[in-house]
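Please explain this structure to a reader who is meeting it for the first time. The account should begin with the chain as a whole and then turn to its individual parts.

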Amino acid sequence: MYTYHEVWATNSYNEPELMSGSYDRSDCVAEIEADRDSLREEGFSKLRIQSRETEEAPDPEIYGEDKCQRWAH
């Protein structure tokens, strides 16, 4: 299994909306920090990162070999 992180925000209709995702959590943190003010101006709130398990492997050319290791419970 691999861990995939997603940036979610609540739109002005009070509905959750997926903004982006990454196998590297620090990418999600950086995106929230970079876009927080503009997203709030656009009516988004409750910015958060949610993680989920997936069988889909990350691309080692994008994330590097160290991020592409499977883990098990």
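The paragraphs below treat the overall fold, then the helix that is described in most detail, and then several individual residues.

The model shown here is predicted. Its protein chain contains 2 helices and 3 strands, and these elements succeed one another along the sequence in the pattern β-β-α-β-α. Two strands therefore precede helix 1, a term that, like the strand numbers, counts elements from the N terminus. Along its principal axes, the C-alpha trace of the protein chain spans about 40 × 20 × 15 Å.

The chain has 73 residues, of which buried residues make up 30%. Its exposed surface amounts to about 5100 Å², and carbon and sulfur atoms supply 45% of that area. The protein chain carries 8 positive and 18 negative charges, and the mean positions of these two sets are 8 Å apart. The contacts of the chain can also be considered by their distance along the sequence. Among those between residues at least 6 apart in sequence, 55% join residues at least 24 apart.

Helix 1 comes next. This helix covers residues 25-41, a total of 17 residues. From its first C-alpha to its last it reaches 24 Å, which is close to the 24 Å expected at 1.5 Å a residue. Helix 1 nevertheless has a kink of about 60°, and the kink is centred on D35.

Which residues of helix 1 are buried? They are C28, I32 and L39. These buried residues pack against strand 1 (2-10), strand 2 (16-22) and strand 3 (45-54). V29 also lies in helix 1, but this residue is partly exposed rather than buried, because its relative accessible area is 29% and buried means under 20%. The C-alpha atoms of V29 and S51 are separated by 12 Å, and the two residues are 22 residues apart along the chain. After helix 1 comes G43, whose phi is positive and near 100°.

The backbone angle phi leads to two further residues. Most residues other than glycine have a negative phi. N14, although not a glycine, has a positive phi of about 65°. Its place is the loop between strand 1 and strand 2. Is N14 buried or exposed? N14 is exposed, since its relative accessible area is 58% and the term applies over 50%. K46 is likewise not a glycine and has a positive phi, in this case of about 50°. K46 lies in strand 3, and with a relative accessible area of 54% this residue is exposed.

Strand 3 also holds E53. This residue is partly exposed, with a relative accessible area of 40%. E53 and S38 are 15 residues apart in sequence, and their C-alpha atoms are 29 Å apart in space.

The account ends in strand 2, where G21 is found. G21 counts as partly exposed, at 29% relative accessibility. Which residues is G21 in contact with, leaving aside its neighbours within four places in sequence? They are Y4, H5, E6 and C28. C28 is one of the buried residues of helix 1, so that this contact joins a residue of strand 2 to a residue of that helix, given that contact means heavy atoms within 4.5 Å. G21 may also be placed relative to E55: the two are 34 residues apart in sequence and 15 Å apart in space, C-alpha to C-alpha.

Note on methods. Residues are numbered from 1 along each chain as its sequence is written. This is a predicted model: local features need pLDDT of at least 70, side-chain atom pairs count only at pLDDT 80 or more; totals for chains, interfaces and linings use all residues. Side-chain values use heavy atoms; hydrogens and water are left out. Helices (H or I, at least four residues) and strands (E, at least two) are DSSP runs, numbered from the N terminus. Buried means under 20% relative accessible area, exposed over 50%, partly exposed in between (1.4 Å probe, protein chains only). Accessible areas come from the Shrake-Rupley method with a 1.4 Å probe; for residues, only the protein chains shown count as cover. Lys and Arg count as positive and Asp and Glu as negative; His and the chain ends are not counted. The place of a charge is taken as NZ of Lys, CZ of Arg, CG of Asp or CD of Glu. The expected span of a helix is 1.5 Å times one less than its number of residues. The bend at a residue is the angle between axes fitted to the seven residues ending there and the seven starting there.
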